[in-house]
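User: I have a new structure to get to know, and I would like to go through it with you in questions and answers.
Analyst: Gladly! Please bring it up and we can start.

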Amino acid sequence: MFDIFSGKKEDATSKDTNMFCYQCEMSMTDGCGSNGQDIGTCGKSALESRLQDMMIFGTKGLAAYRSHARELINEDSQEDRDRLLKIDDVISQSMYFTLTNVNFNFDEHIAQLMKLGSAGVEVLDLLSDSHTKHFGIPTPVKITQNRAEGHAILVSGHNLDMLSRLLKRIKERGLEDKINVYTHSEMLPAHGYPQLREYKNLKGNIGKAWFDQTDLFSKWQGAIVVNTNCIVPRGKSAKVDSYIDRLYTYDMVGIDGAKKIEEHNYDALIDHALQLPKVSGFESDETLTTGHHYKTILTLAPQILEAVSEGKITKFFVIAGCDAPGKGGEYFREMAKELPPSAVIITSSCGKFRFNDIDFGNVPGTQIPRYLDLGQCNDSNGAVHIAIAVANALGVKDLNDLPVEIVLSWMEQKAVIILLALFSLGIKNIYLGPKAPQFINSDIANFLVDTFNIHVIDNPKEPRVQAKKDLEELLA
Ligand code: SF4
Ligand code: SF4
């Protein structure tokens with residue numbers, strides 16, 4: 001790990017703003033800080049309170065990935081069990097850390113956050129390894145988008161294991177020719193995995209990022225299953241009533257009125273899909289490309305390094321992260337669209353749906369695609385593995401000296417653990433947006449700027465203007 005904290009402590013503890021905490025009996029009326037107090041009854045400062053919020057949010061993201069990994073690890077492998085145990089320890093330590101009257105030391109808050117980030121690196125690697133062990137190493141594939149036919153099931157979420165079990169059950173029942181399966185949002189990278197692609201009824205991808213569910217699901221006549229976050233809550237729209245009876249949820253995901261898949265029994269979902277009308281109205285000619293897992297990209301390392309040394313590739317832009325509704329996300333499309341042809345885009349997570357319809361072609365004079373989709377949000381670790389491989393090959397000691405720019409969209413707690421994971425590796429100069437996280441107060445923002453040179457993109461009204469301005473800065 002890089003030494004990232006030297007000399008920054010004094011800058012970060014200067015003032016207390018945005019105090020709020022209501023977690024214990026000693027709380028002031030309406031919560032410590034709610035009436036303008038700078039400090040809680042116990043002596044907790046706003047800075048400590050917000051750092052603890054960040055720790056809790058990061059822990060939630062870590063817990064989600066840990067749950068996904070738990071389903072896939074090999075119970076007979078001591079190594080897998082040890083990796084899981086290490087992550088579990090950090091989850092419980094971090095929760096304990098935020099208990100009332102445990103810790104009032106700034107350095108130790110930061111150290112625990114970095115420990116959390118390191119566990120984030122571990123969980124992403126564990127999940128990535130488990131996926132490739134089970135389903136093979138993804139390879140690039142072009143698939144149809146918004147084209148569907150027949151009796152069909154739409155799968156939303158991130159859970160490849162659930163998808164695989166569903167496909168297997170359809171095949172066991174001899175229904176491969178009768179039920180087509182489509183992916184939505186973060187399930188898109190499933191198409192790159194050889195052992196999932198083997199199922200001929202895994203057809204294509206429908207829709208965009210998670211938050212189009214209400215509109216999309218109400219148009220979709222087939223059955224639907226959501227197997228992880230993100231699901232749109234029922235209260236958001238009356239349209240949900242039009243599909244709630246054909247919506248199934250899995251594991252932790254739940255929504256009033258939907259049916260639950262229990263004990264990996266997919267028969268009710270399959271039978272339901274057969275009873276529902278065949279889907280219609282999805283006849284687009286669009287296509288999407290996915291399947292550039294880092295383990296595949298590393299096999300292209302010699303060509304990539306040659307293109308870098310010949311000046312054909314001048315920069316790598318990691319434009320990745322969680323998408324959220326609103327105009328702010330246009331920032332990422334604008335950034336991707338305006339990049340010079342010598343720049344390669346590395347992406348992951350559902351933020352890619354802001355620009356993955358664009359044909360970026362190849363780097364001029366090479367066969368290297370300019371758009372590389374590493375996969376889901378949990379495949380973000382791939383960008384780090386690629387950076388480490390390039391740094392080793394070029395003899396660069398500090399990853400921050402590579403021609404790599406990182407532009408991340410954050411939406412929720414999985415993105416927080418990914419950000420902490422990058423910090424724990426000493427990665428700096430990240431652009432984060434499209435607006436500043438509310439749990440980051442000015443003290444933390446100053447600390448992040450001082451220590452990690454983070455740039456908070458915070459111009460939600462003019463995302464395109466902001467993207468152009470930031471791009472000029474990044475290419476300077
Ligand atoms: S932990 Fe401290 S700051 Fe939080 S509610 Fe209790 S007394 Fe207030
Ligand atoms: S990438 Fe983030 S916002 Fe998108 S579906 Fe996954 S967790 Fe949700």
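User: Which residues does Trp-410 touch, not counting residues up to four places away in sequence?
Analyst: This is a predicted model, in which local features need pLDDT of at least 70 and side-chain atom pairs count only at pLDDT 80 or more, while totals for chains, interfaces and linings use all residues. Residues are numbered from 1 along each chain as its sequence is written, and chains are lettered from A and ligands numbered from 1 in the order in which they are written. Two residues are in contact if their C-beta atoms, placed from the backbone, lie within 7 Å. By that test, Trp-410 touches Gly-321, Cys-322, Ala-415, Val-416, Leu-419, Leu-432 and Pro-437.

User: Is Trp-410 buried or exposed?
Analyst: Trp-410 sits in the loop between β12 (404-409) and α13 (413-424); helices (H or I, at least four residues) and strands (E, at least two) are DSSP runs, numbered from the N terminus. A residue is buried if 20 or more other C-beta atoms, placed from the backbone, lie within 10 Å of its own, exposed if 12 or fewer, and partly exposed in between. Because Trp-410 has 21 C-beta neighbours inside 10 Å, it counts as buried.

User: Where is Met-114 found, and which residues is it in contact with, leaving aside its neighbours within four places in sequence?
Analyst: Met-114 belongs to helix α4, and with 19 C-beta neighbours inside 10 Å it counts as partly exposed. Its C-alpha atom is separated by 7.5 Å from that of Ala-421, although the two are 307 residues apart along the chain. Set aside the sequence neighbours, and Met-114, in helix α4, is in contact with Phe-423 and Ser-424.

User: How do α3 and α4 pack, and how do the residues of their contact divide by class?
Analyst: Helix α3 (residues 78-97) and helix α4 (residues 106-135) pack at an angle of about 150°, with axes 10 Å apart; axes are lines fitted to C-alpha atoms, for helices over the stretch in contact, and angles run from 0 to 180 degrees between N-to-C directions. That makes α3 roughly antiparallel to α4, since angles over 145 degrees count as roughly antiparallel, under 35 as roughly parallel, 65 to 115 as roughly perpendicular and the rest as oblique. The contact includes Arg-83, Ile-87 and Phe-97 of α3 and Leu-116, Glu-122 and Leu-126 of α4. With Ala, Val, Leu, Ile, Met, Phe, Trp, Tyr, Cys and Pro counted as nonpolar, Asp, Glu, Lys and Arg as charged, and the others, Gly among them, as polar, the residues of the contact of α3 with α4 divide into 7 nonpolar, 2 polar and 4 charged.

User: What is the handedness of the crossing where α2 passes α3?
Analyst: The axes of helix α2 (residues 46-72) and α3 come within 10 Å and cross at roughly 155°, so the two are roughly antiparallel. A crossing is left-handed if the near helix is turned anticlockwise from the far one by less than a right angle, and right-handed if clockwise. For α2 and α3, the crossing is left-handed.

User: Are α11 and α15 oblique or roughly parallel to each other?
Analyst: The axes of helix α11 (residues 330-337) and helix α15 (residues 463-475) come within 8 Å and cross at roughly 40°, in a right-handed crossing. Among the residues making the contact are Tyr-331 and Met-335 of α11 and Arg-464 and Leu-471 of α15. Given the crossing angle, α11 and α15 are therefore oblique.

User: Which residues does the cis peptide bond with omega of about 10° join?
Analyst: The peptide bond from Asn-229 to Cys-230 is cis, but its omega is near 5°. For the bond you ask about, look to Pro-434, in the loop between β13 (431-433) and α14 (442-452). With omega of about 10°, that cis bond joins Gly-433 and Pro-434.

User: What is the phi of His-264?
Analyst: His-264 is in the loop between β7 (259-261) and α8 (267-275), and it is exposed, with 12 other C-beta atoms within 10 Å. Phi is positive here in a residue other than glycine, with a value near 55°.

User: How many nonpolar, polar and charged residues are in the shell around ligand 1?
Analyst: A residue is near a molecule if its C-beta atom, placed from the backbone, lies within 6 Å of it. The residues around ligand 1 include Cys-21, Cys-24, Cys-32, Cys-42 and Lys-44. By class, the shell has 6 nonpolar, 5 polar and 1 charged.
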